[in-house]
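Welcome, and please open your viewer so we can walk through this structure together. Have the selection tool ready, as each stop begins with something to pick.

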Amino acid sequence: VGHFAEAISKETSARVRVVDMDPASVEACRIKGVPAVCGDALNPPISGQEKVACFNLILHHLVGRSEQETLSLQSKALSAWRGRVPAVFVNEYIYDSYFGTLSGRLIYWITRSSILSAIGRLVSVAVPSLKANTFGIGVRFRARSEWEAIFQRLGFEVVGAVRGPEEDVSLARRMLLIKSCRRDSFLLVSI
């Protein structure tokens, strides 16, 4: 609804434009005075005037029916801007696991599956820290190493990165093998 774009505009005096597929979110931006258009992250309306494309907590919502389809959607959104802008900024949730990249995969499988989501909804009544607005839809969080590998595979170089502060991981969420949760930022340029 334009919070991020509004903050960038105020901090830097840069011109901003929000692209969102939800008409209500676009209208909320406009009411705030933030320019916004309806559009699709996979085929964004690129004017050619953009200097930086920003993905602020967006990529983890691009999910398909399988891990491969999800990776393809996330890659397509990033690739749409490769070579079209000087830089791409990504701010994403980082879910590092006690076992490789398992936590993000577990959360994806649970939130994507109708059966596991139904069970998750029931469990979240007793354990509120497990509540998710993505039950039945899916969400694909990744470990930092996964995002960095995706960026490299797509022909981006990470020229800047900021590790976000650690967020609380409740005991119940640790049962999903989550070792660390935070929001990291990456500045990418095309190689």
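Leaving aside its neighbours within four places in sequence, which residues is S103 in contact with? Before you click, keep in mind that this is a predicted model.

**Stop 1: S103**

Select S103, which you will find in helix α4, residues 102-112. Now show what surrounds S103: beyond its neighbours within four places in sequence, the contacts are D96, S97, L176, L177 and I178. Zoom in on L177, whose backbone oxygen lies 2.6 Å from a polar atom of the S103 side chain. Is S103 buried or exposed? S103 counts as buried because its relative accessibility is 0%, and the cut-off for buried is under 20%.

**Stop 2: the salt bridges**

Next, colour the charged side chains. The structure holds 14 salt bridges, and we will visit some of them.

Start with R163 and E166, which form a salt bridge whose closest N and O atoms are 2.8 Å apart. This pair belongs to a wider set: salt bridges that share partners join D96, R144, E148, R163, E166, R182 and D184 into one network. Select those residues together to see the network, and note that D96 is also one of the contacts of S103 from our previous stop. As for accessibility, R163 is exposed, with a relative accessible area of 52%, while E166 is partly exposed at 44%.

Then move to E146 and R142, another salt bridge, with the closest N and O atoms 3.3 Å apart. Are E146 and R142 buried or exposed? Both of these residues are buried.

Finish this stop at E69 and R65, where the closest N and O atoms of the salt bridge are 3.4 Å apart. Here R65 counts as exposed, at 66% relative accessibility, and E69 as partly exposed, at 30%.

**Stop 3: V158**

Select V158 in strand β5, residues 156-162. Its relative accessibility is 31%, so V158 counts as partly exposed. Leaving aside neighbours within four places in sequence, V158 is in contact with F151, F186, L187 and L188. Now draw a distance from V158 to E148: the two are 10 residues apart along the chain, and their C-alpha atoms are separated by 7.7 Å. E148 is one of the residues in the salt-bridge network you have just seen.

**Stop 4: the largest pocket**

Switch on a surface for the last two stops. Rolling a probe the size of a water molecule over the atoms shows where empty space is left.

To find the largest pocket, select R17, V18, V19, C54 and F55, which lie nearest its centre among 35 lining residues. The space in this pocket comes to about 1,400 Å³. Which element gives the most to the lining of the largest pocket? That is β3, with five residues. Elements that each supply at least two lining residues are α1 (3-12), β1 (18-20) and β3 (52-56). Colour the lining by class and you will see 20 nonpolar, eight polar and seven charged residues.

**Stop 5: the second largest pocket**

Finally, select I107, L130, K131, A132 and T134, the residues nearest the centre of the second largest pocket, which is lined by 27 residues. Two or more lining residues come from each of β4 (87-97), α4, α5 (114-126) and α7 (171-174). Of these, α5 gives the most, with four residues. Helix α4 should be familiar, as S103 has its place there. The volume of this second pocket is about 660 Å³, and its lining has 18 nonpolar, seven polar and two charged residues.

Methods:
Residues are numbered from 1 along each chain as its sequence is written. This is a predicted model: local features need pLDDT of at least 70, side-chain atom pairs count only at pLDDT 80 or more; totals for chains, interfaces and linings use all residues. Side-chain values use heavy atoms; hydrogens and water are left out. A salt bridge is a side-chain nitrogen of Lys or Arg within 4 Å of a carboxyl oxygen of Asp or Glu. Buried means under 20% relative accessible area, exposed over 50%, partly exposed in between (1.4 Å probe, protein chains only). A polar contact is a pair of N or O atoms within 3.5 Å; within protein, one must be able to donate a hydrogen and the other to accept it, and residues adjacent in sequence count only if both atoms are side-chain atoms. Contact means heavy atoms within 4.5 Å. On a 1 Å grid over the protein atoms alone, a cavity is a set of points where a 1.4 Å probe fits but cannot get out, and a pocket is an open set with protein on both sides within 12 Å along at least five of seven lines; lining residues have an atom within 4 Å of a point. Grid points are joined across faces, edges and corners, and a volume is the space filled by probe spheres set on the points. Ala, Val, Leu, Ile, Met, Phe, Trp, Tyr, Cys and Pro count as nonpolar, Asp, Glu, Lys and Arg as charged, and the others, Gly among them, as polar.
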